[in-house]
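Subject: Structure handover

Hello,

Here is the structure to take over from me. Please keep the file open while you read the notes underneath.

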Amino acid sequence: MIDVAMTALPVGERIVLRAGALEVTVAPAEGGRVAQLRHAGVDWLVGPDDGFDAAIAWGAYPMVPWAGRIRNGRFAFDGKAWQLPPSLGPHAIHGVGFLRAWEVTSRSERALTLALELGEDAQWPFGGRVEQRVEVMPDRLRLEMRLVAGARAMPMPVLGWHPWFRKLVRFTFEPNAYYPRDAEGIATLPLAMPPGPKDDCYLCDAAVVLWHEGQQMVLRAEGDHWVYYDETPHATCFEPQSGPPDAFNLRDDVLPAGGEVSTWTEWTLATAR
């Protein structure tokens, strides 16, 4: 079995957006991801040239139409059993958006809009279209994502981003609950109280604050779900997303045909305090 999430993606065009001291590089062909975020000469992300070339392992990529693992790729919907292809071990991880090339639909010096047709195939049988907007301002990066269902209903999608920040030695993260993982490493209910492990989905209403090489980044998001991952020596991840891992098995919400769901995250930078 090939772990598709661990394979490298074909390198395509990389587009640089600039505003003031902030420079953001976007890689549409490589999963529609932010390949690097540089502020006043400081790189914040594990980038494409840092030796971690697996699709799952670098930049800040969109997770859509689910985030985290779907247990064994299986779930029930509309009275039927569905099977998604495994992409990391026995599970289906982080959706399909980070593995596919996105189309650039508009661009300017400071903003870029990308689109992805999900199609109706083995990887995602329900169709739909995703749009992602990347906007750079002198002191911040704003990411927005919207999924519009096609002619059929689907389990409620989870939208989010997976940034691989260069190893953080200082941050503020104040969650109020988390989803415990079971022996298979999959999120479960009921919620538990923090503190928890360094690889779980947390509920957090407060901003997340990071410090790196004399700079400060404040992360905010529309939703309150964050995956915190800090089990590698080279990177730390804080992943804003609209719902939990294994969402299709943990909840029964439905996005109707023609319906839409959206989310955003904003990262504000400054000199460290």
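The notes below cover one sheet and then one histidine.

Please keep in mind that this is a predicted model.

The sheet

The sheet is open and built from 8 strands, with antiparallel pairing. Read across, the order is β10-β11-β12-β13-β25-β21-β20-β17. At the two edges are β10, covering 103-107, and β17, covering 170-172, and each of these pairs on one side only. From one strand to the next, the twist averages 15°.

The β17 edge can be followed at residue level. Its partner is β20, residues 208-212; the two strands run antiparallel and are joined by 3 bridges. Within this pairing, F171 stands opposite L210 in β20.

The histidine

H225 belongs to strand β22, which spans residues 225-229. Is H225 buried or exposed? H225 has a relative accessibility of 10%, and buried means under 20%, so H225 counts as buried.

Which side chains make polar contacts with that of H225? One is the side chain of Y179, at 2.8 Å. Another is the side chain of D224, at 2.9 Å.

Leaving aside residues up to four places away in sequence, H225 touches C201, Y202 and L203, as well as E239, P240, Q241, S242, G243 and P244. Y179 is also among the residues that H225 touches, in addition to the polar contact of 2.8 Å between their side chains.

Regards

Notes:
Residues numbered from 1 in each chain as written. Predicted model: local features only at pLDDT ≥ 70, side-chain atom pairs only at ≥ 80, totals over all residues. Heavy atoms only, no water. Pairing = 2+ DSSP bridges. Helix = DSSP H or I, 4+ residues; strand = E, 2+ residues; numbered from the N terminus. Axes fitted to C-alpha atoms, helices over the stretch in contact; angles between N-to-C directions. Buried < 20%, exposed > 50% of the residue type's maximum accessible area, 1.4 Å probe, protein only. Polar contact = N/O pair within 3.5 Å; in protein donor to acceptor, adjacent residues only side chain to side chain. Contact = heavy atoms within 4.5 Å.
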